[in-house]
Amino acid sequence: MNAQPDLKLLSTFMAVVDRGSMAEAATALGYVPSAVSQHIAALERDMGIELIVRRPGSRLILTAAGRALAQAAETLFDATARFQDAAKGISDHDIADVRVGAYPSAMSHLFPEILSALRSRGLGPRIRLVIVETREGLPRVRSGDLDLLIAYRYLPEDPPTVSGEWAVTSLGHEPLLLVSGTRPGRRPLELAECLTMEWTSGHAHSPDRRLLHRWAADLGISPDVTLETEDLHSMLAMIRAGLAVGLIPASLISEESDRSGVEPVVLPPGAAPLHREVLAVSRPGARLPVIEELVTLLSDALASVQSSHRRGTLTGHAPDGHRKPPTGRAPRRTGDT
C-alpha cells in the first residue's frame with residue numbers, strides 16, 4: 001500500500017465524489033471517461049482497497065474506505081488552498097491570473113462592462129472566467145480551484161450560509177419581476193388574470209421555484225407551473241411567445257433591447273417584492289486587490305439595477321388603492337432577505 005497517494009489521482013477521485021459520476025467528473029476535468037476510470041483504478045491499487053462500488057445504471061457508491069479517504073483528502077486540499085493563499089501574499093500578489101466563477105446570467109449581463117472597465121485601467125492579473133452555478137461552485141472555492149465565486153441565494157436558508165469554510169460578502173439584492181408577453185394595444189395583465197395561465201419556473205426543488213411557492217402561498221394563490229427549466233433565457237423565450245408568465249431577474253430585462261417582448265404583471269398593493277441576493281464567495285483571508293475591485297464593481301452594477309427598479313422603469317406594482325389582491329385575505333411579506 002502507498003501511504004502517500006498521487007495527488008493527481010486523488011484530485012480525480014474527489015471530482016468523482018463531488019459529482020457522483022465518472023462521466024460528469026471527466027467533463028469537469030477535461031478528461032475522457034476512460035481516463036477517470038483508470039485514475040480511480042490506479043488509486044485503489046495504490047491504497048490496496050476498494051474505494052468506489054460501481055453498479056451499472058446507478059450512481060456510484062463510496063465504500064467505508066472511500067468515505068474516509070474523501071474526508072482526509074478534503075482536509076488536505078483545504079490546507080493546500082490556504083498555503084497557496086499565503087504564498088501569494090508573500091510574493092506581493094505577483095500572480096499571472098485569478099479564476100472567477102459566476103452563474104450564467106451574471107456572466108452575460110453584469111461582467112462584460114465590468115471586465116472592460118478593469119482592463120482599461122492597465123496591467124494586472126488576468127481574470128479567467130468560469131460559468132458555474134452556485135451549488136457546483138462552492139466546492140471549487142473550498143478546494144482552491146476558484147479564487148472567487150459570484151453566487152446567488154433566493155431564500156435565506158440556502159447556501160452559502162455562514163461558515164468557516166469561506167468568506168461571504170453580500171453584493172446586493174437583485175429584484176425579481178413577474179412578467180408576461182407584451183400585448184400591443186392592451187393594458188398589462190394583472191396577477192389575478194395570470195392564475196388561469198401557465199407559468200414557467202425552475203424544477204420542483206430549485207431555489208426560484210421554492211421562492212415562487214412561498215410567495216404564492218402568502219398571497220393565497222397556486223400558480224400552475226407547467227414549463228420547467230433552469231435556463232433563464234429559455235424562460236424569457238417562453239414568456240415572449242405568450243406561452244407563460246414567470247419570475248425573471250431584473251438584470252436580464254434592464255435594457256431596452258431585453259425588455260422588448262415582455263412587460264411586468266401588475267401586482268396587488270402590498271404584495272411582497274421579490275429578489276435574490278447576490279454574493280461574493282471566497283476562501284477565508286485577505287483577497288487580492290483585483291478581486292476586491294471586481295467585487296466593488298459588481299456591487300455598483302447591482303445597485304444600478306436596483307435603482308432602475310425603484311424608479312419604476314421595471315416595476316409592475318399597481319398604484320395604491322386601485323387594485324385588490326387576488327383573494328380575500330391580505331398578503332403577508334415573505335421571510336426572504
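Which residues line the second largest cavity? Tyr 154, Leu 176, Asp 208, Leu 232, Leu 247 and Pro 249 do. The legends below describe close-up views of a predicted model.

**Figure 1. Overall content of the predicted model.** The protein contains 12 helices and 11 strands. Of its 337 residues, 44% are buried. Among contacts with a separation of 6 or more, 76% are between residues 24 or more positions apart.

**Figure 2. The second largest cavity and its lining.** A search of the whole structure returns 2 cavities of 30 Å³ or more. The second largest has a volume of about 30 Å³. Its lining is made up of 5 nonpolar residues, no polar residues and 1 charged residue. Leu 176 and Pro 249 are both among the lining residues, and Leu 176 also stands opposite Pro 249 in strand E9. Asp 208, another lining residue, is in contact with Gly 202 and with Ser 201.

**Figure 3. The largest pocket.** The volume of this pocket is about 440 Å³. It is lined by 19 residues, of which Ser 11, Met 14, Asp 18, Ser 143 and Asp 145 are the closest to the pocket centre. Four elements each give two or more residues to the lining: helix H1 (7-19), helix H2 (22-29), helix H4 (64-90) and helix H7 (134-143). H1 supplies the largest share, with 6 residues. By class, the lining has 9 nonpolar, 2 polar and 8 charged residues.

**Figure 4. The largest nonpolar core, with a view of Phe 111.** This core has 48 residues. The members with the most contacts inside it are Phe 111, Ile 150, Leu 191, Trp 215 and Leu 294. Helix H12, residues 289-310, makes the largest contribution to the core, with 7 residues. Apart from this core lies another, of 20 residues, including Met 22, Leu 43, Ala 70 and Ala 73. With residues up to four places away in sequence not counted, Phe 111 touches Val 100, Ala 102, Ala 106, Leu 129, Ile 150, Leu 294 and Leu 298.

**Figure 5. Parallel pairing around strand E3.** Strand E3 (residues 97-102) runs parallel to strand E4 (residues 126-131), and 6 bridges link the two. E3 also pairs in the parallel sense with strand E5 (residues 148-153), over 3 bridges. Val 100 appears in both pairings: Leu 129 is opposite to it in E4, and Leu 148 is its bridge partner in E5. Val 100 and Leu 129 are also among the residues that Phe 111 touches.

**Figure 6. Antiparallel partners of strand E6.** Strand E6 (residues 167-181) is joined to strand E11 (residues 274-282) by 9 bridges, and the two strands run antiparallel. Ala 167 has Ser 282 as its bridge partner in E11. E6 and strand E9 (residues 246-249) are antiparallel as well, with 4 bridges between them; here Leu 176 stands opposite Pro 249. A further antiparallel pairing, of 3 bridges, connects E6 with strand E10 (residues 262-264). In that pairing, Gly 181 is matched with Val 262.

**Figure 7. Ser 201 and Gly 202.** Ser 201 belongs to strand E7, while Gly 202 lies in the loop between strand E7 (198-201) and helix H9 (207-219). Ser 201 has a relative accessible area of 4%, and therefore counts as buried, the cut-off being under 20%. Gly 202 is also buried, because its relative accessible area is 0%. Neighbours within four places in sequence are left aside in both contact lists that follow. Ser 201 is in contact with Asp 208, Arg 209, Leu 212, Val 225, Leu 227, Glu 228, Thr 229 and Met 235. Gly 202 is in contact with Asp 208, Arg 209, Glu 228, Thr 229, Glu 230 and Met 235. Leu 212 is in the contact list of Ser 201; the C-alpha atoms of Leu 212 and Gly 202, which are 10 residues apart along the chain, are separated by 9.6 Å.

Note on methods. Residues are numbered from 1 along each chain as its sequence is written. This is a predicted model: local features need pLDDT of at least 70, side-chain atom pairs count only at pLDDT 80 or more; totals for chains, interfaces and linings use all residues. Side-chain values use heavy atoms; hydrogens and water are left out. On a 1 Å grid over the protein atoms alone, a cavity is a set of points where a 1.4 Å probe fits but cannot get out, and a pocket is an open set with protein on both sides within 12 Å along at least five of seven lines; lining residues have an atom within 4 Å of a point. Grid points are joined across faces, edges and corners, and a volume is the space filled by probe spheres set on the points. Ala, Val, Leu, Ile, Met, Phe, Trp, Tyr, Cys and Pro count as nonpolar, Asp, Glu, Lys and Arg as charged, and the others, Gly among them, as polar. A nonpolar core is a set of buried Ala, Val, Leu, Ile, Met, Phe, Trp, Tyr and Cys residues joined through side-chain atoms within 4.5 Å. Buried means under 20% relative accessible area, exposed over 50%, partly exposed in between (1.4 Å probe, protein chains only). Contact means heavy atoms within 4.5 Å. Two strands pair if DSSP finds at least two bridges between them.
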